[in-house]
Amino acid sequence: MCGIVGYLGEQEAFPIIIKGLKRLEYRGYDSAGIALMNGSLSVYKKQGKVSDLEEFMGDANVKSTVGIGHTRWATHGEPNDTNAHPHFSADRKLVMIHNGIIENYAVLKQKLILRGHEFISDTDTEVFIHFIEQIQIDNQCELEEAVRIALTEVIGAYAIIVISAENPKQLIAARKSSPLVIGVGRNSQEFFLASDATPIIEYTQDVVYLNDHEIAVIKPNSLQIKDIGNKPTTPYVTHLEMELESIEKGGFDSFMLKEIHEQPNSVHDCMRGRLNAETGHLQLGGINKYLEHLLNSQRIIMLGCGTSWHAGLVAEYIFEELARIPVEVEYASEFRYRNPIVHAKDSFIAISQSGETADTLAAIELAKKEGGTIFGVCNVVGSSIARTTHEGAYTHAGPEIGVASTKAFTAQVTVLTMMALMIGRKRGNISDTQFSELLYELETIPAKIEKILQLNDHIKDIASEMQHAENALYLGRGYNFPVALEGALKLKEISYIHAEGYPAAEMKHGPIALIDEAMPVLFIAIKDNSYEKIVSNIQEVKARKGRVIAIVTEGDDLIPKMADYVIEVPATYDVLTPLLTVIPFQLLSYHIAIMRGCNVDQPRNLAKSVTVE
Ligand code: G6P
């Protein structure tokens, strides 16, 4: 987490950095800071959002063509002005911004204190820059060499940029396990650095993704990259296809609302060129070399965190139904600390919107070490997970900026459904008719999502009834049990209402004790193979005076007589229902959060991309 930005060139650095930080605020927003090189090093930092920093800076002299900026999600040290980045060395000639965690910072700090260093913040980053400074003194070397030596000794994750007052036309950057992209502008005369490409694409679409253990030395007209063993590498320039409007709000009040409404398009984009019901075509271009391995898997293990883990749970049901391969779904953070039993015929599917989640990355590394074959399902093109997996399929949902994941989830489920269908077909588990019917039905999903989005006003009315709740219970079965978990997560993360998701049948083993007049109970009660059972569960809740909000299939005339509120979704095959039933929950959470005065794009304490453990 934390977002970092840097600029070196001929333009004014300040507006580029501030705008870049605002684009990266989804990564953390508890404090922000900036360092500009204008004769000497000027550093400004402030607790709060980037706009608070701007206000704090007032009409400070910001003339400069070299600078760096940081927006923070606190790890070491509470969010305050002092702990905000950038951090100075002892002689105040070096400054650093850092995204990541230095795990051995306490040991390094003790050693530096014995050498006379004093620290003003509680951060690991301040230790990191003092450490570089001390190495430079001890070795009487250039800054880039001191950075290189330091990197051989620090343990942990980092994307850093360092500036030195003694070398004002130079930025030194490095990464390990935290992302860093370098934009190459106008005839390679200017360089933009950022945690992802969103602050860069306005200026250039040519980027270099720094790899783990690489150091970049950036000067006017020059980008040099070497690894921490001092071996030079040739920068590999990738041309991005990202459009600027895809990272702007486009008339919506928030990114989250925009992204919810983008789903008919994003689900469609995800299938584009891959699926054609008319011709019976279904192919995921990114899964080729290891396709045979996937088809012959004796087990598939899904890895992910948060919403991506929920997509994995949905996929468990879908894969077992269509592909007939046993599936396990693991929290990446749990898997990475287990002593997993991996068979040569296992396949792993790592699911991640950002492609940068530290736990998922670490779980992949472990699975690889144990001999597993890993497929990635990522949204961010060129991200670390996309590059570290053996093969994979992008979700093509476009940038997701709202912290609460919406369109990434439906795109993940769409890709995973296509994968399961492809495997099932090739393994002979699905008949021609079933395959063709499912392809045709998948093509109708975007229009069906559009129809649900038109229920916005009705959902807003329900939100108004629910807005003062302190707890909520989400219940579903089968394919829609994970949707209940996802619905509860959406409510928790943006409205701060405590919510739990449960398989509906488990209600009687505990949660039923919580039900009273004040407790909204949200059911996914569509006409699938567990419909009758869900109807009984609704009756059990009503008998205890719970308030029932039910997502039902269009035309259902039974549940509307029992429930307090219903939201209708179009009928589809059971296996595809999660793509529809999740939409009302996204809108409901959005409206409740807005009614409670919450910032839906930047909920407290959360970050979009969790690049620390
Ligand atoms: C954070 C985000 C969630 C996301 C999770 C996993 O917690 O706030 O929205 O689901 O990380 O992120 P990933 O990028 O790996 O999908």
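Which residue of strand 15 is the bridge partner of V207? To find out, keep in mind that the model on screen is a predicted one, and begin the tour among the strands.

**Stop 1: strands 15, 11 and 9**

Select residues 237-239, which form strand 15, together with strand 11; the two pair in the antiparallel sense over three bridges. The bridge partner of V207 in strand 15 is T238, which settles the opening question. Now add residues 181-185, which make up strand 9, and residues 206-209, which make up strand 11: these two strands run antiparallel and are joined by three bridges. If you display I182, you will find V208 of strand 11 as its bridge partner.

**Stop 2: strand 10 and its neighbours**

Keep strand 9 in view and select residues 190-194, which are strand 10. Strand 9 and strand 10 pair in the antiparallel sense, here over five bridges, and within this pairing V184 stands opposite F191 of strand 10. The hairpin that these two strands form has four residues between the strands, and N187 in that hairpin takes a positive phi near 45°.

Next, bring in residues 3-8, which are strand 1; strand 1 pairs with strand 10 in the antiparallel sense over four bridges. In this pairing, A194 of strand 10 is the bridge partner of V5.

Are the residues on the two faces of strand 10 buried or exposed? In a regular strand, side chains alternate between the two faces of the sheet. For strand 10, E190, F192 and A194 lie on one side and F191 and L193 on the other, and all of these are buried, so that both faces are covered. In terms of the count, five of the five residues of strand 10 are buried.

**Stop 3: K226 in strand 13**

Move to residues 222-227, which form strand 13, and pick out K226 there. K226 has a relative accessible area of 12%, and because the cut-off for a buried residue is under 20%, this lysine counts as buried. Show the side chain of N230 as well, since a polar contact of 3.3 Å joins the side chains of K226 and N230.

**Stop 4: helix 9**

Select residues 306-322, which are helix 9: this helix has 17 residues and reaches 25 Å from its first C-alpha to its last, close to the 24 Å expected at 1.5 Å a residue. Because 12 of the 17 residues of helix 9 are buried, the helix is largely enclosed by the rest of the structure. The buried residues include T307, S308, W309 and H310, as well as I318, F319 and L322. After the helix comes R324, whose phi is positive, near 55°.

**Stop 5: the ligand**

With helix 9 still selected, display the ligand, because helix 9 contributes three residues, the largest share of the shell around the ligand. In total, 13 residues surround the ligand, and the closest are S308, S352, Q353, S354 and T357. By class, the shell has four nonpolar, eight polar and one charged residues.

Which atoms of the protein should be labelled here? A polar backbone atom of T307 is 2.9 Å from an oxygen atom of the ligand, a polar side-chain atom of S352 lies 2.6 Å from an oxygen atom of the ligand, and a polar side-chain atom of T357 lies 2.5 Å from an oxygen atom of the ligand. The ligand on its own has 390 Å² of accessible area, of which the protein covers 91%.

**Stop 6: helices 13 and 16, and a loop**

Select residues 407-426, which are helix 13, and find M418 within this helix. M418 is buried, with a relative accessible area of 0%. Add T577 to the view: M418 and T577 are 159 residues apart in sequence, and their C-alpha atoms are 14 Å apart in space.

Then select residues 481-495, helix 16, which has 15 residues and reaches 21 Å from its first C-alpha to its last, close to the 21 Å expected. Helix 16 is mostly covered, with 14 of its 15 residues buried, and just after this helix Y496 takes a positive phi of about 65°.

Finish at T123, in the loop between helix 3 and helix 4. T123 is buried, with a relative accessible area of 1%, and its C-alpha atom is separated by 9.4 Å from that of I101, 22 residues away along the chain.

Note on methods:
Residues numbered from 1 in each chain as written. Predicted model: local features only at pLDDT ≥ 70, side-chain atom pairs only at ≥ 80, totals over all residues. Heavy atoms only, no water. Expected span 1.5 Å × (residues − 1). Buried < 20%, exposed > 50% of the residue type's maximum accessible area, 1.4 Å probe, protein only. Pairing = 2+ DSSP bridges. Near = heavy atom within 4 Å. Polar contact = N/O pair within 3.5 Å; in protein donor to acceptor, adjacent residues only side chain to side chain. Areas by Shrake-Rupley, 256 points an atom, 1.4 Å probe, with all protein chains shown as cover. Nonpolar A, V, L, I, M, F, W, Y, C, P; charged D, E, K, R; others polar.
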